[in-house]
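Colleague: Could you take me closely through one part of this structure, the surroundings of the ligand, and then place a few other residues for orientation?

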Amino acid sequence: MTHFQEIIKKIPADVKLVVVTKTVPPEVIMDVYNAGHRRFGENKAQQLIARHPVLPPDIQWHFIGHLQTNKVRFIAPFVSMIESVDSFKLLKEINKEADKCGRSIPCLLQFHIAEEETKYGLDLQEAAAILESADFKALKNVSLRGVMGMATFTDDMDQVRTEFRKLKLIFNTLKERNFAGDPGFREISMGMSGDYEVAIEEGSTIVRIGSAIFS
Ligand SMILES: *Cc1c(COP(=O)(O)O)cnc(C)c1O
């Protein structure tokens, strides 16, 4: 039994749900799959590499965690989106491995919007430096689709809302400066089990939900 049916009802049709599976056993993932869902997310490369071959091939896997460059080649052949691009080095490595697979990989730039020091992510200056470099313009095998961020883990929903607004503002700024003519740059991935309703109110287009579905 999962809470998938209750959660999916609360998500507007134009917001994409990534069901985050982490330690959930494959047979439980299959309950959600059999309910018709196809978009799943993992935050550990090892877990994704292990799961991909034993679960149905039409699952669209989103990678959502910190990704080491030496793991990119294992997920590049099949990953549907890498939401957690937090360095130029990583983006270049994704491009290189996608090229080897003869494909283009959709990616999001991850931004640091939380108060905690521990969360990975770029700031606007770092992103601007990447996007305005000649090296970036030469990348043919990555497709930037938007931004991703995690709010501070807190019950203070005013703080969470402020952080989501910050991500939306970053998205708007990049859209205007760097992606004005690109309709593909349109995703704002924000919102998890504890804060997805606030995230949707603040303009999220992708929510990543695990524990609210599987506990
Ligand atoms: C685990 C995780 C989620 C889902 O968190 P829940 O609170 O279980 O919904 C979303 N995004 C990232 C990056 C995660 O690591």
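Where does the ligand sit?

Modeller: In this model, which is predicted rather than determined by experiment, the ligand sits in the largest pocket. The residues that surround the ligand are Val20, Lys22, Asn43, Ile64, Met150, Met192, Ser193, Arg208, Ile209, Gly210 and Ser211. Sorted by class, this shell comprises five nonpolar, four polar and two charged residues.

Several members of the shell can be described atom by atom. Ser193 places a polar side-chain atom 2.5 Å from an oxygen atom of the ligand, while Arg208 has an N or O atom in its side chain at 2.9 Å from a nitrogen atom of the ligand. At Gly210 it is the backbone that takes part, with one of its polar atoms 2.8 Å from an oxygen atom of the ligand. Of the 390 Å² of accessible area that the ligand has on its own, the protein covers 87%.

Lys22, also one of the residues around the ligand, deserves a separate look. Its place is in the loop between strand 1 and helix 2, the latter spanning residues 26-34, and its phi angle is near 35°, a positive value in a residue other than glycine. Lys22 has a relative accessible area of 40%, and because this value lies between the 20% and 50% cut-offs, the residue counts as partly exposed. That figure takes only the protein chains as cover.

On the other side of strand 1 in sequence, the loop that joins helix 1 (4-9) to strand 1 (16-20) holds Lys10. With a relative accessible area of 45%, Lys10 is likewise partly exposed. The C-alpha atoms of Lys10 and Asn178 are 33 Å apart in space, and the two residues are separated by 168 residues in sequence.

Turning to Glu187, this residue lies in strand 7, which covers residues 187-189. Although its side chain is charged by class, Glu187 counts as buried, with 5% relative accessibility, and a polar contact of 2.6 Å joins its side chain to that of Lys16. From Glu187 to Asn70, which is 117 residues away along the chain, the C-alpha separation is 26 Å.

Ala151 follows Met150 of the ligand shell in the numbering, and is found in the loop between strand 6 (142-149) and helix 8 (157-178). Its relative accessible area is 6%, so Ala151 is buried, the limit being under 20%. The C-alpha atoms of Ala151 and Ile113 are separated by 6.2 Å, with their positions 38 residues apart along the chain.

Finally, Leu90 belongs to helix 5, made up of residues 88-100, and at 1% relative accessibility it counts as buried. Its C-alpha atom can be related back to the ligand site through Ser193, a member of the shell: the C-alpha atoms of Leu90 and Ser193 are separated by 27 Å, and the two residues are 103 residues apart along the chain.

Methods
Residues are numbered from 1 along each chain as its sequence is written. This is a predicted model: local features need pLDDT of at least 70, side-chain atom pairs count only at pLDDT 80 or more; totals for chains, interfaces and linings use all residues. Side-chain values use heavy atoms; hydrogens and water are left out. A residue is near a molecule or strand if one of its heavy atoms lies within 4 Å of it. A polar contact is a pair of N or O atoms within 3.5 Å; within protein, one must be able to donate a hydrogen and the other to accept it, and residues adjacent in sequence count only if both atoms are side-chain atoms. Accessible areas come from the Shrake-Rupley method with a 1.4 Å probe; for residues, only the protein chains shown count as cover. On a 1 Å grid over the protein atoms alone, a cavity is a set of points where a 1.4 Å probe fits but cannot get out, and a pocket is an open set with protein on both sides within 12 Å along at least five of seven lines; lining residues have an atom within 4 Å of a point. A molecule sits in a cavity or pocket if more than half of its atoms lie within 2 Å of its grid points. Helices (H or I, at least four residues) and strands (E, at least two) are DSSP runs, numbered from the N terminus. Buried means under 20% relative accessible area, exposed over 50%, partly exposed in between (1.4 Å probe, protein chains only).
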